[in-house]
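I set out to look up the pockets of this structure and to note what lines them.

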Amino acid sequence: MTTAKPITQPMLPPEGTPKRTPIAGELFLRALADHGVDFFFANPGTDFPPIVEAFVRARDTNTKVPKPVLVPHENLAVAMAHGAYLMNGRMQAVMVHVNVGTANTINNLTNLSRDRVPVLLAAGRTPFTERSQFGSRSRPIHWAQEMFDQAGMVRELVKWDYELRTPAQVGDAVCRACEVAMTTPRGPVYLVLPREPLSAPLGDLTAPVQPRPVPARPYPNPTSIETLAEWIAAAEHPLLITATAGMDPLAVESLSRFAERWAVPVVTFNPRAMCLPTSHPMHLGFEPGAHLAAADLVIALETDVPWIPSLQAPPSSCRVAHVGEEPLYLRYPMRSFPSDLAIAADAAAALRALDEAVGRRLTPDDARITARRRRLAEEADTRRAKRASEAAGAPDRITPAFLSRMIGDVVGPEAIIFNEYPLQADYCARENPGTYFALSPAGGLGWSLGAALGAKLAAPHRFIVSTIGDGAYVFGNPTACHWVAGVNDLPVLTVIFNNSRYGAVRNATLSMFKDGASGNDDGRFLADLAPSPAFDELARVQGAHGERVERPQELRAALARARDAVVNERRQAVVNVICE
């Protein structure tokens with residue numbers, strides 16, 4: 001996979017370059033690059049002069065720094081960092097303007113937090129001196145933008161926060177931020193950078209900043225693995241439920257082998273990654289449903305919500321084991337699922353250990369296992385055939401199921417899809433690890449297109465697709481998104497599921513008050529977004545290939561034209577699909 005690299009050394013300045021005293025901002029950027037940070041997503045303000053100076057000096061002296069990416073909205077910057085991380089697994093950096101910029105990041109910062117994505121979110125701070133220092137306050141806003149506790153806005157969402165106090169500690173602050181963010185369970189961190197220390201002089205910068213090693217991911221406790229293996233060997237109706245195991249391609253491979261060898265059905269409930277190939281014989285879909293009701297053992301593997309307790313539950317006699325890097329989700333204030341066993345472990349390592357432990361008790365050709373495997377494979381085939389029939393489409397309208405199937409058919413198996421709710425995974429075939437990512441469980445809207453752009457930046461040779469509802473598309477600041485795509489040559493395909501409403505709001509209202517007054521209004525009050533803007537025309541103004549599709553017969557060809565515009569012409573494309 002080809003990824004962008006930081007600008008490399010040598011550090012010798014071109015002949016004739018004036019010698020300047022290094023400043024702390026230069027060391028900050030150097031330290032990020034030394035920690036493998038590819039990109040520096042920036043939405044600047046009056047706190048950025050030392051950052052601007054540091055980048056220009058780096059350009060003039062060929063110094064190693066991350067690639068700067070100007071992003072005209074903070075929410076988009078965070079989403080792009082998220083997408084870049086999903087492509088290469090390396091920490092990214094975002095910097096925004098003091099408290100107001102920080103406030104605009106919180107929506108997608110929540111997604112980073114719940115998805116355990118390591119991003120260094122940096123923000124300037126209004127100058128703390130009113131006079132007498134280089135960088136002291138020079139604008140009226142410098143008084144109004146000061147807060148008693150700027151980091152307090154984000155402290156619940158980050159693993160660590162700190163405010164730079166002296167210029168000499170900037171390298172140590174970056175080291176600390178990176179080791180905290182990259183230690184499992186990973187997550188975002190927050191660093192406040194007042195401009196006085198950031199612009200202050202330092203000594204020589206030739207020595208690189210040495211990253212500190214982080215602990216390995218947790219290895220499963222052998223005793224706990226043996227206990228769970230005993231339960232699996234004895235179970236007649238085991239069920240494995242997962243949501244994010246597929247964030248690690250090795251876990252997809254391990255899960256595929258484990259599920260087929262021991263005939264364990266897998267449900268990917270509210271998946272945020274492709275956890276098991278669509279065609280896998282043990283893939284039983286995306287809802288626990290009847291399998292949960294009949295289960296005598298549930299393995300909740302890397303899933304925060306394995307089922308909805310108000311709607312369904314396993315039998316009281318069913319054993320439940322939670323397995324994952326943080327199996328109890330301690331940052332969730334309330335989470336009360338039954339638990340008979342909890343194993344803190346990397347998913348791939350846990351599955352490999354379980355596979356070996358069960359193999360000491362059973363053989364894959366055991367008559368009981370063979371019969372269950374055959375029965376479950378037939379059930380999976382029947383389910384897939386039913387879904388294919390449901391996605392055939394009505395002659396007079398485009399349904400979400402039909403649109404989902406068409407997307408899967410047209411974009412191909414190697415495309416990487418970033419889905420913000422509307423794409424129905426049951427109808428869109430995904431076979432390869434790392435080809436499907438979905439909005440975090442936090443549900444911070446305006447993520448998909450930004451994440452797709454960040455992914456394209458980090459993996460420029462991959463075909464990237466954003467699937468998004470019309471409401472979430474507006475949340476994502478499409479004007480800013482398409483500007484960034486054009487300026488940075490990031491052609492991605494965006495497919496808008498346009499139903500002219502906030503579907504989640506309407507569905508939630510009807511789930512509670514279908515027989516109430518709001519049901520008489522079809523749940524559309526405060527959810528109606530009609531008349532819908534001509535998103536395709538707005539995209540064309542910004543240089544994109546844009547089409548509006550209303551008839552099922554036109555859909556495949558329109559998607560194919562948009563795909564070809566992205567792949568062959570390197571143009572961004574938007575397909576505005578009118579659907580239920």
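I began with the largest pocket of this predicted model and counted 41 residues in its lining. Nearest the centre of this pocket I noted Asn270, Tyr421, Pro422, Ala504 and Asn507.

I then asked which elements give two or more residues to this lining. Two strands and two helices came up: strand 12 (416–420), strand 13 (436–438), helix 15 (470–475) and helix 17 (503–513). Helix 17 contributes the most, with six residues.

I sorted the lining of the largest pocket by class and entered 21 nonpolar, 11 polar and nine charged residues. For the volume of the largest pocket I recorded about 1,600 Å³.

Next I turned to the second largest pocket, with a volume of about 690 Å³. I found 33 residues lining this pocket, and the closest to its centre are Tyr85, Leu86, Arg217, Met247 and Asp248.

Which elements give two or more residues to the lining of the second largest pocket? I listed helix 3 (74–88), helix 4 (98–115), helix 9 (249–261) and helix 11 (347–359). The largest share, five residues, comes from helix 3.

By class, I entered 16 nonpolar, six polar and 11 charged residues for the lining of the second largest pocket.

As a closing entry, I set the main contributors side by side: helix 17 for the largest pocket, and helix 3 for the second largest.

Definitions and conventions. Residues numbered from 1 in each chain as written. Predicted model: local features only at pLDDT ≥ 70, side-chain atom pairs only at ≥ 80, totals over all residues. Heavy atoms only, no water. 1 Å grid on protein atoms, 1.4 Å probe; cavity = no way out; pocket = protein on both sides within 12 Å on 5 of 7 lines; lining within 4 Å. Points joined across faces, edges and corners; volume = space filled by probe spheres on them. Helix = DSSP H or I, 4+ residues; strand = E, 2+ residues; numbered from the N terminus. Nonpolar A, V, L, I, M, F, W, Y, C, P; charged D, E, K, R; others polar.
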